[in-house]
Amino acid sequence: MSDMLRRPAEQDHAVELEALAADDSPKPKGWALSPQAVVTYLLGGEAPNGAQISAKYVGDQRLIETAVATLATDRALLLLGVPGTAKSWVSEHLAAAVAGDSTMVIQCTAGTDENQIRYGWNYAQLLADGPSRSALVPTPLFRAMESGKLCRLEELTRMGSDVQDTLITVLSEKMLPIPELNDAVYAARGFNVIATANNRDKGVNELSSALKRRFNVVVLPLPDDMEQEIAIVSKRVSEMAQSLELPAPKNLVDEVRRVVAIFRELRGGETLDGKVAVKTPSSTLSTAEAIAVMIGGISQAAFFNGGALSSDGLSPNLLGAIVKDPVQDKAVLEEYLETVLKKRGDFADYYTTLSDLV
Ligand SMILES: Nc1ncnc2c1ncn2[C@@H]1O[C@H](COP(=O)(O)OP(=O)(O)O)[C@@H](O)[C@H]1O
Ligand SMILES: [Mg+2]
């Protein structure tokens with residue numbers, strides 16, 4: 001187990017979940033924790049026995065409360081937002097806290113068909129013995145219904161609308177017919193669905209209005225406050241560096257501050273003081289990408305730079321995050337370097353290394 005590259009949230013945070021389960025406030029049927037304890041698990045705080053609970057999500061408490069409250073009703077939850085706003089992250093932790101199991105996931109793509117949502121067949125057995133319950137191959141949705149747990153649907157709007165609509169019966173009647181066996185699976189108490197979808201995919205395969213009605217939508221925003229974003233990036237980078245067994249450099253927070261400043265200026269279309277307008281690149285420049293840039297830099301520092309984190313190691317990662325379109329984004333970055341960073345003494349090293357690379 002200890003050699004797993006990444007453990008599911010419920011294993012990683014088993015001690016916290018156990019401490020929170022001791023809470024004696026009422027739990028909805030089929031839930032591992034009370035709704036209040038689920039919110040504490042996500043946002044951090046203290047368990048009834050005094051144990052410290054780390055924050056998983058940094059953001060508005062009301063958003064998380066709405067999400068948790070939704071899961072206790074007969075409506076499903078849809079987390080919406082631009083890429084990198086922690087939709088999948090929140091979905092995993094919600095499933096871990098509510099159901100004690102975050103592993104029932106379906107990644108929706110344009111190629112997802114009904115069999116991947118409902119159930120499939122073991123064809124060898126199907127041909128040998130005909131349709132039977134043991135020849136049926138359950139999907140994560142099927143198993144979540146049977147066991148009264150949460151099923152996570154990642155990037156719901158990527159799959160075709162006809163396939164999405166398979167979910168309507170499941171969500172409204174809480175049952176899944178199996179016509180081949182003249183049978184059905186009825187969802188056990190505790191079953192619900194958490195879907196995520198990307199704002200930027202809007203219009204690709206928009207949810208039908210029938211399906212939309214079955215979801216409560218919670219929009220996860222990009223952090224609007226610079227200090228909050230620095231805190232999120234520093235926290236996640238330290239945690240990830242630890243799990244990758246990379247030493248966290250002493251100047252980590254200073255570099256996070258500079259990288260986040262560059263991200264926010266390019267994303268927001270103006271300098272932080274609001275004085276100079278800046279063109280925005282096609283890239284999202286999300287918090288998640290700032291985290292990835294920092295991790296790339298730390299790895300480079302650890303293996304090739306004696307552990308010293310500097311603009312040398314971070315700039316190639318920054319360039320990769322900013323320039324997604326080799327022509328337009330490159331021009332945007334060049335202009336930003338000349339009109340903004342060149343004049344800023346405390347970014348001189350970034351100006352030099354990025355100008356060399358671009
Ligand atoms: N507000 C936040 N609080 C905590 N972590 C965040 C926040 N925003 C982004 N992250 C981090 O960003 C990373 C990527 O998030 P992810 O869930 O994959 O994004 P999405 O599914 O929205 O594209 C995660 O490691 C997560 O910890
Ligand atoms: Mg995601």
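Me: Which residue's side chain meets Asp-183 in a salt bridge?
Reply: Happy to help! In this predicted model, look at strand S9 (residues 183-186), where Asp-183 sits. Its partner is 50 residues apart from it, in the loop between helix H7 (123-129) and strand S6 (136-138). The N to O distance is 3.3 Å, and the residue is Arg-133.

Me: Which residue is linked with Arg-133 and Asp-183 in a network of salt bridges?
Reply: Start with the pair we just met: Asp-183 and Arg-133 share a salt bridge. A further residue is linked with them in a network, and its name is Glu-146.

Me: Is Arg-258 buried or exposed?
Reply: Arg-258 lies in helix H13 (residues 252-268) and forms a salt bridge with Asp-349. Asp-349 has a relative accessible area of 29%, so it counts as partly exposed. For Arg-258 the value is 15%. Buried means under 20%, so Arg-258 is buried.

Me: How many residues apart in sequence are Arg-258 and Asp-349?
Reply: Their side chains meet with N and O 2.9 Å apart. Arg-258 belongs to helix H13 and Asp-349 to helix H17 (residues 348-357), so the salt bridge ties together parts of the chain whose separation is 91 residues.

Me: Where is Lys-324, the salt-bridge partner of Glu-289?
Reply: Glu-289 is in helix H14 (residues 287-304), and at 18% relative accessibility Glu-289 counts as buried. Lys-324, at 46%, counts as partly exposed. The closest N and O atoms of the pair are 3.4 Å apart. Lys-324 is 35 residues apart from Glu-289, in the loop between helix H15 (311-322) and helix H16 (328-339).

Key
Residues are numbered from 1 along each chain as its sequence is written. Chains are lettered from A and ligands numbered from 1 in the order in which they are written. This is a predicted model: local features need pLDDT of at least 70, side-chain atom pairs count only at pLDDT 80 or more; totals for chains, interfaces and linings use all residues. Side-chain values use heavy atoms; hydrogens and water are left out. A salt bridge is a side-chain nitrogen of Lys or Arg within 4 Å of a carboxyl oxygen of Asp or Glu. Helices (H or I, at least four residues) and strands (E, at least two) are DSSP runs, numbered from the N terminus. Buried means under 20% relative accessible area, exposed over 50%, partly exposed in between (1.4 Å probe, protein chains only).
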